[in-house]
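I opened my notebook for a look through this structure, one topic at a time. Here is what I looked up, in the order I went.

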Amino acid sequence: MIKVFLQPHDISYAAELASMIATPSVQCALALKSEDCTPQAMIQFIRTMQLEEMEGHFYSRMIRDEQHQLIGVITLKNIDEVTKTCHMSTWIAEPYWGRGYNFLAKEQILYTAFAQYDLQYVFAGARSENLRSRKSQRKLPYMTMRVEEEFASEHRKLERLEQTPCVLNVIKRFDFLNWYNHYRIAG
């Protein structure tokens with residue numbers, strides 16, 4: 001049975017994260033340059049995540065599998081206590097694709113978003129050309145797809161950040177918690 005564990009970032013894992021993110025499939029999916037995939041870049045990423053978490057803007061975790069192997073990263077970013085929103089990003093190392101780890105990691109971090117941070121909306125965007133990410137998001141039973149018009153300003157911010165056309169999806173608190181409570185009772 002697959003399981004995931006979410007662990008706070010630690011710079012002692014920078015080289016391992018760099019190795020995983022530097023694989024062509026992951027690097028391409030994340031639109032990273034080679035210099036973004038070095039151990040030094042990962043140290044900077046981890047320090048930034050730690051600082052942003054202390055300031056209450058991000059909540060980022062390393063994802064581990066049932067053998068406690070490091071398999072990816074999941075992040076709630078740009079947490080806004082006023083609008084009760086944030087954006088979510090995830091990447092999983094290629095050897096672990098298609099096994100259900102992404103689904104389980106999202107379940108855990110979304111529960112944190114809605115139960116601990118009391119958010120109302122978690123946005124999940126993807127570059128239009130990132131078909132793998134878009135397909136993964138469609139599998140989530142609590143996801144509301146294609147909300148670009150409903151959340152036009154969030155969509156514009158995402159496209160400015162990514163500098164390319166993007167799709168915008170959202171997980172709404174009510175939808176996720178209803179699914180989660182039913183899933184937990186049924187499961």
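**Entry 1: a charge and a ring.** Over the ring of which residue does the charged end of Arg61 sit? I found that ring on Tyr59, with the charged end of Arg61 4.0 Å from the ring centre. A reminder to myself before going on: this is a predicted model.

**Entry 2: the sheet.** Next I followed the strands. Seven of them make an open sheet, and I noted the order as β1-β2-β3-β4-β5-β7-β6, with mixed pairing. The edges belong to β1 (5–8) and β6; each has a single partner strand, so one side of each has no neighbour in the sheet. For background, I jotted down that strands of a sheet pair through backbone hydrogen bonds, either parallel or antiparallel. I then checked how β1 meets β2 (residues 59–64): the two run antiparallel and are joined by four bridges. Arg61 turned up again here, since I was looking for what stands opposite Pro8, and it is Arg61 in β2.

**Entry 3: aromatic pairs.** I searched the whole structure for aromatic pairs and got 13. One of them is Tyr121 with Phe151: the ring centres are 5.1 Å apart and the planes stand at 65 degrees, so I wrote the pair down as edge-to-face. Tyr121 is in strand β5 (residues 121–127), while Phe151 is in the loop between β6 (143–144) and α6 (152–162), so this pair ties together parts that are 30 residues apart in sequence. Are the two partners buried or exposed? Tyr121 is partly exposed, at 28% relative accessible area, whereas Phe151 is buried, at 14%.

I also looked at Phe176 and Trp179. Their ring centres lie 5.7 Å apart with the planes at 40 degrees, so this pair is tilted. Both residues sit in helix α7, three residues apart, which is about one turn of the helix. Both are buried.

Then I asked myself which residues form one aromatic cluster with Phe176 and Trp179. The other members are Phe103, Tyr111, Phe114, Tyr142, Tyr180 and Tyr183.

**Entry 4: the second largest pocket.** Tyr183 from that cluster came up once more when I turned to the second largest pocket, whose volume is about 250 Å³. The pocket has 10 lining residues, and the closest to its centre are Met1, Leu104, Glu107, Tyr183 and Arg184. Which helix gives the most to the lining? I found that α4 does, with three residues. Both α4 (101–116) and α7 (173–186) supply at least two residues each. By character, I sorted the lining into five nonpolar, two polar and three charged residues.

**Entry 5: positive phi.** My last check was on backbone angles. Most residues other than glycine have a negative phi. Which way does phi go at Asn78, positive or negative? I read a positive value, near 55 degrees, in a residue other than glycine. Asn78 is placed in strand β3 (residues 70–80) and counts as partly exposed, at 45% relative accessibility.

Arg146 went into the notebook beside Asn78: its phi is positive too, about 50 degrees, although Arg146 is not a glycine. Arg146 lies in the loop between β6 and α6, which is also where I had found Phe151. With a relative accessible area of 53%, Arg146 is exposed, while Phe151 in that loop is buried.

Technical notes: Residues numbered from 1 in each chain as written. Predicted model: local features only at pLDDT ≥ 70, side-chain atom pairs only at ≥ 80, totals over all residues. Heavy atoms only, no water. 1 Å grid on protein atoms, 1.4 Å probe; cavity = no way out; pocket = protein on both sides within 12 Å on 5 of 7 lines; lining within 4 Å. Points joined across faces, edges and corners; volume = space filled by probe spheres on them. Nonpolar A, V, L, I, M, F, W, Y, C, P; charged D, E, K, R; others polar. Phe/Tyr/Trp six-rings, centres within 6.5 Å; stacked < 30°, edge-to-face > 60°. Buried < 20%, exposed > 50% of the residue type's maximum accessible area, 1.4 Å probe, protein only. Lys NZ or Arg CZ within 6 Å of the ring centre and 35° of its normal. Pairing = 2+ DSSP bridges.
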